[in-house]
Amino acid sequence: MIKKKICMLGSFAVGKTSLVRQFVDSIFSEKYHTSIGVKIDKKVVRVDDSEVNLILWDIHGEDEFQKIQASYLTGTSGYFLVIDGTRSNTLAVAKELNQFTLNHIGSVPFIVLINKADLLSDWEIIDEELDLLKEKGWELIKTSAKTGEGVEEAFKQLANKMLEIK
Amino acid sequence: MTNQKNNEWDELRTLLVGQEKVDVDRLVEFLENPSYMEERIAEILPQVINLINKNGQTSLEQFAKALQPSVEKAILASTNDDPRTLSEALHSILPNSINLSREKSQELSEQLAESLTPFVEKAVKNSTQMNIKPLSEGLYPVIGPAIRKAVATAFKKINQTLNQNLNQTISISAFKWRFQAFTSGKPFLDIVARNTLDYQVTQLFLIHRETGLLLQHIEAPNIASRDADLVSAMLKAIQDFVTDSFSIKKNEELSTIEVGDHTIWIEQGPQIILAGVVFGNAPLDLREKFIKTLEQIHLDFFKELADFNGDTEPFESNPQYLKNCLLKQEKQGTQKISKAKWIIVAIILAIAGYFGGDRYREFDRWSSYIDQLETVPGIILIDEGRKNGRFFVKGLRTRDSLNPITMLDDHQFNQQDVNSAWTFFQFLSPEMILSRAKKTLSPPDTISLTLKDATLIFKGIASKDWLDQAQKTIKSIWEISEIDFSEVQIKTVKAPISLRMLTQLKKEIEDSVFYFPVSIFALSKVQQRKAKMVAENISLFAKYCTEHDIKFSIIIKGVADSQGKKELNERYGRQRAEALYNLLVENGVNKDDLSIRSFIEAFQDRTSSQSNRRANLEITYINQ
């Protein structure tokens, strides 16, 4: 059995926990976020006919990235950066978090999840800006906590990326 | 005439010593040609040396002495000219020579050790200074047993003293256990421990230290455990949390967690962690067993651990290591109570019944008070009872609960006769949290709030401003960890999308302030990263402006305070602005969009002076 530690990072209230809630196995209450700053869930995905156990560290979002405990990132094989499409400042925070992660654990695969795909008309983040990120080599997936759009795909995609660079 | 004489002499010489001359010529040729000489010496040298050997020790020593200066010189020359050749020649014989010196003579081997000591010490010192990891990982399986052996010896001595002391105590159990010790031949203390302990290791987790991933998990039969992968990761998270929160040194980590009757023992190795859940009181040698197992796994799975990439199969297919630690120990069965003891209990009860009527009724009233407290919402009882002839009660209560002190009156107790200690707290029931959230946020009629676990869910229609404000305000209620706006429709009057983006970008750019320490005009690494992000924002801003035919200019304001000479302060301000200017240009901002200005702000006090030392940006639209 292959197991991988992955992290989920993003600004406060971008809907990280809601986004994965219906897709993961969970035994811990969300109160762990406010107490120790992380909640742990599990997601099993299939890659090339074998199962991969993704242990997801859902790290409590903060507006100032210094507040994230760097030790929670240690040993991570990949991560999600979650952005709220309707709040452009969450993108700025995601950029800072990405830099922070890079400084602490070096380069590992990551995927940017732009949440609230069901509210596209209210998005503050515009296509040009997303194109700019794609040019930088960021992989983006539009997701919705409400409809579940993109979530399953995101897990699979990240698992594939992590296994490619064994 | 002279020539004729010479020829005659030659002729005469040939007649007299013809053969000898040939021999003399050959001898001269031999002596004058070194290669002939070398060949000849090579032929005879072994025989000569053999002969010297045969002639005895004295000849050998003379020969060695004669050769010594030349050999030394030759070696010296060889070392200077081409050290590599000599090293190559030596490397194959050096290990053998060292072995030989050890086998041949104790004295030689000691000399060798003595002369090597400074080098070995220096090598170890260098290795630890450069990277302590290889040495400590190499020593880990060795050092644990060595320390234990030393500690065990020390404890053995203490044990013996304790044995003597315990031997002197007199009780029925002591006599019985001493007999057991006598018949079994085991130390008395071991027998005492065995008779008093009762424990079971219910679960064991083998965890990869860096990632927190579960390598193996086993549990005792009939134990209902939760998802071990998640528990393992959470244990690691808690460890990290404790280490980070209390600034504990790197090698001092959380090693014990106690919860009721359960203790979690966590043993750390360089690459793996062994966590065992133990019910009851386990003896300390169980912990030693955990440590030994951990060391053994490090040793046996050295390669798998070094190359670990998430594959747990090698560990899962070898469960015997952990199985050896899944131990339990049951306490002796309860002893039958003797008839004499029953009689004594009955007499005590009878006396208590005779004298204790009043006391009994008082206890009855107390019980009903306690029963009532337990049913009152907002009251949590922590402890109650009777101490030094007075009842006492201790607990937590919310501010809006019934007053537990006045409730004493209903049960015919004087408030002064009871020691009451009540502390206020906020009740965490979802209804209470929700009602506090509503009070704090005062949502518009179009918004309804619900609470699921620790997530506050908003439904309905609200303005963007209100949602932003709500997001800030809700942080004051710490029980709410997440908010969910996914079912909120935002009520906005929208400008075209990229114009809105422009306003947002302008705000972000203008809100970025860069502070400088005293007398330093370069930006720190963190500030440099920030400058990079601001540069990206400016480039994006410039792009949108071009699309909408908007002209703009950015002023970099370098600020200094008014203390000291004006010219100097102006220079400081300019230097700060220039530092930011250079970084922005390095990160792709068009020079033509930027200009620099120096500002002096009035000095007030030391604290505000810090905020004076800064650079920030101001954007002006030219044609709008």
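Before we look at any residue, a word on terms: buried means under 20% relative accessible area, exposed means over 50%, and partly exposed is what lies in between, with a 1.4 Å probe and the protein chains only. By that rule D240(B), at 8% relative accessibility, counts as buried, and K236(B), at 9%, is buried too.

What we have here is a predicted model, in which local features need pLDDT of at least 70 and side-chain atom pairs count only at pLDDT 80 or more, while totals for chains, interfaces and linings use all residues. Residues are numbered from 1 along each chain as its sequence is written, chains are lettered from A and ligands numbered from 1 in the order in which they are written, and side-chain values use heavy atoms, with hydrogens and water left out.

Let me stay with that pair for a moment. The side chains of K236(B) and D240(B) meet in a salt bridge, 2.9 Å from N to O, where a salt bridge is a side-chain nitrogen of Lys or Arg within 4 Å of a carboxyl oxygen of Asp or Glu. Both residues lie in helix α9 of chain B, four residues apart, which is about one turn of the helix; helices here are DSSP runs of H or I with at least four residues, strands are runs of E with at least two, and both are numbered from the N terminus.

How many salt bridges does a search of the whole structure find? The search gives 24 over all chains. One of them joins K42(A) to D227(B), with the closest N and O atoms 2.9 Å apart, and this pair crosses between chains, from strand β3 (residues 38-47) of chain A to the loop between β2 (214-219) and α9 (228-245) of chain B. K42(A) is buried at 10% relative accessibility, whereas D227(B) is partly exposed at 22%. These two residues also belong to a network of salt bridges that links K3(A), K42(A), D227(B), D229(B) and E316(B).

A further pair is K136(A) with E536(B), whose closest N and O atoms are 2.8 Å apart. This pair too crosses between chains, with K136(A) in the loop between α4 (127-135) and β7 (140-142) of chain A and E536(B) in helix α20 of chain B. Both partners are partly exposed, K136(A) with a relative accessible area of 39% and E536(B) with 23%.

That brings us to helix α20 of chain B, residues 525-547: its 23 residues, at 1.5 Å a residue, should span 33 Å, and the end C-alpha atoms are 34 Å apart, which agrees. The expected span is 1.5 Å times one less than the number of residues. Among the buried residues of α20(B) are V534(B), I538(B), F541(B) and Y544(B), and the helix is followed by D549(B), whose phi is positive, near 55 degrees.

Finally, let us turn to a sheet in chain B. Three strands form an open sheet in the order β7-β8-β9, with mixed pairing, and two strands pair if DSSP finds at least two bridges between them. The edge strands are β7 (379-387) and β9 (418-424), each of which pairs on one side only. Strand β8 (residues 390-397) and β9(B) pair in the parallel sense over seven bridges, and the bridge partner of F391(B) is V418(B) in β9(B).
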